[in-house]
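Trainee: I have a model open and would like to learn how to read it. Could you walk me through it?

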Amino acid sequence: MPFEPNEPQKEIKYEETRIYTDAELNSCSDEELKNFKIKHQIPDLEELENGPWPSFVADAKQEALHRRKLADERMLIDRDVVEDMLGQLQVSFDDGETHWKHGGIVGVFGYGGGVIGRYSDLPERYPSIAHFHTIRVNQPASKFYNSDLLRTICDMWEYRGSGLMNLHGSTGDLVLLGTTTEQLEPIFFELTHVLGQDIGGSGSNLRTPSCCIGRARCEFACYDTQNLCYELTQYYQDELHRPAFPYKFKLKFDGCPNGCVASMARSDMSFIGTWRDSIRIDQDTVKAYIAGDVVPNGGAHMGRDWGKFDIHKEVIDLCPTKCMSLVDDELRIDNQECTRCMHCINVMPKALKPGKDNGLSILLGAKAPILEGAQMATLIVPFMKAEPPYDNIKEFIEKVWEFWIEEGKNRERLGELMQRTGLPKFLETIGLPPAPQMIKTPRENPYILWKEEDVPGGWNRNVNEYRTRHKR
Amino acid sequence: MALSLDRLGIYDPKDPLKNRLTDLGPRHFWQYFPPVIQNNYGKWAYHEVLETGILMHVSETGDKIYTVRCGAARFMTVQHVREICDIADQYCDGFVRFTTRNNIEFLVDSVEKLEALKKDLESRKFVSGSYKFPIGGTGAGVTNIVHTQGYIHCHTPATDASSMVKAVSDELFKYFQGMTLPAKVRVSMACCLNMCGAVHCSDIALLGNHRKPPIVDHEVIDKVCEIPLAIAACPVGAISPDKTPEGGKTVKIKKERCMFCGNCYTMCQALPLSDKEGDGVTILAGGKISNRISEPKFSKVVVPWLPNNFPRFSEVVEKVKKILEAYAADANKYERLGDWAERIGWEKFFEKTGLEFTEHLIDDYRLAYDTWRTSTQFKYTAAAWDVSRFAGGIE
């Protein structure tokens, strides 16, 4: 086994963990579902049962009926939670406004995140969702599961919660939607003791890190995204559970510049796999692409007739640095000029591969608009090797955190702080030399913030000495 | 170990620290890889999309893994997840995964299993007729729309998420099930400017947006909020201290300064923004995250506001289709929506999509000047002749 968990993992067998019998799980017939009406009028929601796309309303209704059929002692929160949630949703449509109250501080002992308080502002009308808190469950890296784990979560969540969930939340957690304050600690104990599973981050914590599918099923991944994600999540458990930061902090891991987890757009620290040697070329397969024997781009454009593959039009001319050429049917790449955009590799995955001397680039400061406008991540470390135990990466992360914790204002994301202090000052603080790779262009204004030590003789001058040369 | 049936389980409220386990982190990923993935980890040689929604990855060892990608509402119930588990048990030795964009992926290691699995998935429908597991979402098409909580579970939304995504996905279904577009199109949805979905780099982004400044709940603001924090929360300095007629502490809002970001409400629950007439949907287009060919870029606002027309959002659907259809008809192979708009010029984007250009689409926030045109390189469209006419340049 190439990767070992840091702690031994408790094996989960659904046959041992389960709460519900098969009869309880399969209690609703299609006929009953068809005729089923929930206790509230929900005309707009029923409209959303139509159409080909999976209907969340149809799904919610099957859970509502399922809860109706469970015996009283087979669930610990109100039977009607799903029906009340749908009822309130319909009223929100009618009113054009949400009916969830603002926040509310709830959580589990010793943690400052992972649970989000939620209360209805129509508790008399929808009493079963008066408390309807969220629990974020830290997903396994790249969201692979087996049915034993998922079924156990489902039984626990139907018994102690609403049975409603998100697979997955935007940051990556498996999100459990809706339970009472009383059940928060019991759920946390079930998660940790039975499932060997912790909750994720929220508030001014390290948020649950997430990664792409990486080497598990992708030929492009330039480092072990799952392993790095897992290792850092484990290593920074304290930061994940106990808020010590000015604001949220997100770590995301993309295996290559295609960026399938969008780390560049939405993580304070974005790790993107790359290479520093040459793109590997299999010339025979390039010829097969040219001859039309291999479908370009792995068949991603098969739905339309785009004509015969033209390597000039589709690859060489689209190369952003124009570093490719075809000489006597041989593809040449000037790797010194290549910016590793992935286009040629994406178009001809059978013939071209990223280099073998791999690592990652680190970019900092991405965020959504709140507060000072959206920011894309800025390239700070062009290349770093990424091998266990990843001490170089941890050291870098901690330097950045030290700066941010010291200088950042309340609710100031790293990207905003970098803007406020300026990139030169930031680089100096974390001890990196400036490089043209970090910028699109050099500065366009001449307002250089010289420091005293930049200038021979310093800034203390004598006006009398000056006047010896210049009359008043 | 069985799940507990006791009301408080194994938690003892008299001694909260007893047997408490903390800082376990997530479960380790390796045990959830099917054997074919464990055996070929890091050895994948290439992949092919065999048909829409079906991927084949081939290893250096000769092993193959077939993936069936299915759309899903990210909001799902335990009953639905159990059905996913049934399928995983029947065809995939119990394994299943989810993608970053909320698709479900079933993985099998032979063509025979693949065919049986496909047939089964296609046959499963909710009683009302919608697919439970529509196969698609690969290659040059529209894959699952990532989104946020909306009215289902959030206190700040300016619109609902699940319903809008369902409405738009129904209408874009043929693009989910076909790979007919010039490149992939990532549609994303966030129900307010907090953007927990980080939709700001999507080919098409649907965004809930408020249009009325907060109302001040003078009676409670001093009790439920830290007033200085609420004042400091405003990025444009529109909130200042004030006194109620009774002499209590409160704030006043310079309404004309408000940019409707809702940050004050995030900090202070006595400053609600949401409003039936005020709230609606902004559409942004042309963003991307991939570094392929061109650099990643932000989406740009192309429709300032549309009403929250629940539950089907007909105006939103119509504009999204206009953008997609103009792009599909005009862009080159491999060209993302934003690259297409930049190549033809944004003036042509508005001409070809038929979207109205209004003053709301011209940036007047920070660094707005960076988006103004400072060259004579433009293309003539009807909008240009209008300006010329108003300026007295032509009859």
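Mentor: Happy to; we will go from the whole of chain B to one of its helices. Keep in mind that this is a predicted model.

Trainee: Which secondary structure does chain B have?

Mentor: Start with the helices and strands: chain B has 12 helices and 12 strands. Its C-alpha trace spans about 70 × 70 × 40 Å along the principal axes.

Trainee: How are the contacts in chain B spread along the sequence?

Mentor: Take contacts between residues at least 6 apart in sequence; in chain B, 63% of these join residues at least 24 apart.

Trainee: What about burial and surface?

Mentor: Burial here means under 20% relative accessible area. By that cut-off, 59% of the 395 residues of chain B are buried. The accessible surface of the chain is about 16200 Å², and carbon and sulfur atoms account for 52% of that surface.

Trainee: And where do the charges lie on average?

Mentor: Chain B carries 49 positive and 49 negative charges, and their mean positions are 1 Å apart.

Trainee: Now a single helix: why is α10 of chain B described as largely enclosed?

Mentor: Count its buried residues. In α10(B), residues 337–344, 6 of the 8 residues are buried, so the rest of the structure largely encloses this helix. Those buried residues are B:L337, B:G338, B:D339, B:W340, B:A341 and B:I344.

Trainee: What covers them?

Mentor: Look for contacting elements: the cover includes strands β8 (204–209) and β11 (280–285), together with helices α9 (314–330) and α11 (346–353), of chain B.

Trainee: Which residue follows α10(B)?

Mentor: That is B:G345, and its phi is positive, near 95 degrees.

How values were computed
Residues are numbered from 1 along each chain as its sequence is written. Chains are lettered from A and ligands numbered from 1 in the order in which they are written. This is a predicted model: local features need pLDDT of at least 70, side-chain atom pairs count only at pLDDT 80 or more; totals for chains, interfaces and linings use all residues. Side-chain values use heavy atoms; hydrogens and water are left out. Helices (H or I, at least four residues) and strands (E, at least two) are DSSP runs, numbered from the N terminus. Buried means under 20% relative accessible area, exposed over 50%, partly exposed in between (1.4 Å probe, protein chains only). Contact means heavy atoms within 4.5 Å. Accessible areas come from the Shrake-Rupley method with a 1.4 Å probe; for residues, only the protein chains shown count as cover. Lys and Arg count as positive and Asp and Glu as negative; His and the chain ends are not counted. The place of a charge is taken as NZ of Lys, CZ of Arg, CG of Asp or CD of Glu.
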